[in-house]
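Me: I am new to reading protein models, and I would like some help with one. Could we go through it step by step?

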Amino acid sequence: MNNEQGDSRLRGNLYNYILTIADNSLILGQRMGELCGHGPSLETDIACTNISLDLLGQVRSYYQYAAKIAGDGRTEDDIAMLRTEREYVNVLLVEQPNTDFAYTIARHFLFDIFHFLFLTELQKSKDLTLAAIAKKSLKEVSYHERFTSDWIKRLGDGTEESHQKMQTAIDDLWAYTDEFFNPTSAEKAMAEEGIGVDITALKKKYYDTVSEVLEEATLKVPESKYFHKGGKQGIHSEHMGFLLAELQYMQRTYPNLEW
Amino acid sequence: MSEKEIKNLEEIFEARIARDEKIEPKDWMPEKYRQTHIRQISQHAHSEIVGMLPEGNWITRAPSLRRKVALLAKVQDEAGHGLYLYSACETLGISRDEMYEQLHSGKAKYSSIFNYPTITWADIGAIGWLVDGAAIINQVPLCNTSFGPYARAMVRVCKEESFHQRQGFEIMLTLCRGTEKQKAMAQDALNRWWWPALMMLGPTDAESVHTEQSMKWKLKRKSNDELRQQFIDQTVPQADILGITMPDPDLKWNEETGHYDFGEIDWDEFWQVVKGHGPMNKERMKARVGAWERGEWVRDAAMAFAEKNEQRKIAKSS
């Protein structure tokens, strides 16, 4: 392999790697955006909107960087809104619907713990742009983690009804947690280069932290060993197409325009 | 307290307002002053909260990431305005739950403009440009109103609203500099939002029941008709910059008065919407009441958890 081929392979892997990170935030940010104005209290409404805003802000930095790497004129919006469903590589967890506030919090919490551990490591990336985005995002994500952990405790250890609802949500969403730790080829390649994070190394810490919060919330840590995966390979749940239909509506209806 | 004593207090109170002194929550105030302020401030807070819905309707469909982020930030600002207006109102001795109850039962009103649907992306631009524009005209004088907490809240609200207004105009400008389809989308939004925006400044002076007293308490500095004229005079040149046309064939500059003349406002439509029969009244209330009811178990859990924590603290310290 000559230098040029090696370079282009690295760029391809880096591009795909950025999507693996950013698609999670895009899809979760979109889900949180659905709740704006419909939350259980004004304070939670503001917090959820704020979290959505943080995530989408991060997404913009990642996609702008990805667009630069692609170097073929594509923009952050092309990457966000003009791919086919099979080309999105977010984990299945983040596309799960806002069934009720317990599901919303459980989904976010299960993501936040991962997100926090991941960004902490990504700060050490040899790629200075990724390291800088990670550093900036980590401040925001540590707030998200605190917010959702607090709500896990409030709902888990609140009333009997809230305990039940929270347990159901955790039990249902648990099957989506293992997918984080199955590396794609881009993730493997980037970890080897010292650009990406070795996600397999985060697994133990992840389940320890999650269990600690659940136990404090008087919730049972699910014992199920059956997990779902596929999102990172672009094989999504039935929810995804509808989410994308809204996300892509304007760009698909009016192609190539400035907004 | 004797009638004479009350009259004396009232005179002192009115004199303080006349001297431009701020009235603070713990100061003595006439019951009517308290009630009027509860009505107006809660109505204002409700408008912010209900106003999140028509714009929130476009968050998931915003055309670019930049617009999506800006819209989220805007709607979040509105929630923030609602929060500190409710807080200002609570200082007058009413709880937020009571205010919600009044909103949900239909006893308390909110700005009628939010009972119109947002059906295209251009509506988000038109709302920022026209609705926030009209709101600013209404609200800037309130930065100097007599009730301290309201005046202070309004200083912050107005700063953010004027940012929203510029952002809305910029959405319209982008559309108007775009393709024919985009420009048509902007014109269509203007056609639908112009008249409701004019109605936002309130009924004509002849029909406005609260004006005189409100002027005295500095809840109002200008009459509805004066504010409306100010809004029109300021907005028509902006439409010229955009290159779109106000949907009013009678609109024209009057050299003599130095103002724009404008056509008849359809007050029947205004009253129909105020009375709860606008295109979106039922949906807006359904969304608010639905969110409140769906959230009940969450709020109950938060209360129960806080109480448990309190008990744990007591048990620990004893």
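Me: Is B:Lys218 buried or exposed?
Reply: Let's use the relative accessible area, where a residue under 20% counts as buried. In this predicted model, B:Lys218 has a value of 14%, so this lysine is buried. You can find B:Lys218 in the loop between α8 (211-216) and α9 (224-242) of chain B.

Me: What is the phi of B:Lys218?
Reply: Start with the general idea: most residues other than glycine have a negative phi. B:Lys218 is not a glycine, yet its phi is positive, about 65°.

Me: Where is A:Thr218, and what is its phi?
Reply: A:Thr218 sits in the loop between α9 (203-216) and α10 of chain A. This residue is not a glycine either, and its phi is positive at about 60°. As for accessibility, A:Thr218 has a value of 40%, so it counts as partly exposed.

Me: Now the cysteines. How many disulfides are there over all chains?
Reply: A search of the whole structure gives 0.

Me: Why does A:Cys48 have no bond to A:Cys36?
Reply: Look at the distance between sulfurs; a disulfide needs them within 2.5 Å. The closest cysteine sulfur to that of A:Cys48 belongs to A:Cys36 and is 9.2 Å away, so the two are too far apart for a bond. A:Cys48 is also buried, at 5% relative accessible area. Over in the other chain, B:Cys176 is buried too, with 11%.

Me: How do I read the interface of chain A and chain B? How many residues are in contact?
Reply: Begin by counting residues on each side: 48 from chain A are in contact with 49 from chain B. Then turn to area: the two chains bury about 4000 Å² between them, with 70% of it on carbon and sulfur atoms. On the chain A side, A:Leu42, A:Leu53 and A:Trp259 lose the most area to chain B, together 18% of what that side buries.

Me: How many salt bridges and polar contacts cross this interface?
Reply: The rule finds 3 salt bridges there. One to look up is between the side chains of A:Glu43 and B:Arg96, at 2.4 Å from N to O. For polar contacts, the rule finds 14 residue pairs across the interface.

Me: Which helix gives the largest share of the side of chain A that touches chain B?
Reply: That is α2(A), with 13 residues. Sorted by class, this side of chain A has 21 nonpolar, 13 polar and 14 charged residues.

Methods
Residues numbered from 1 in each chain as written. Chains lettered and ligands numbered in written order. Predicted model: local features only at pLDDT ≥ 70, side-chain atom pairs only at ≥ 80, totals over all residues. Heavy atoms only, no water. Contact = heavy atoms within 4.5 Å. Buried area = accessible area lost by both parts, 1.4 Å probe. Salt bridge = Lys/Arg side-chain N within 4 Å of Asp/Glu carboxyl O. Polar contact = N/O pair within 3.5 Å; in protein donor to acceptor, adjacent residues only side chain to side chain. Helix = DSSP H or I, 4+ residues; strand = E, 2+ residues; numbered from the N terminus. Nonpolar A, V, L, I, M, F, W, Y, C, P; charged D, E, K, R; others polar. Buried < 20%, exposed > 50% of the residue type's maximum accessible area, 1.4 Å probe, protein only.
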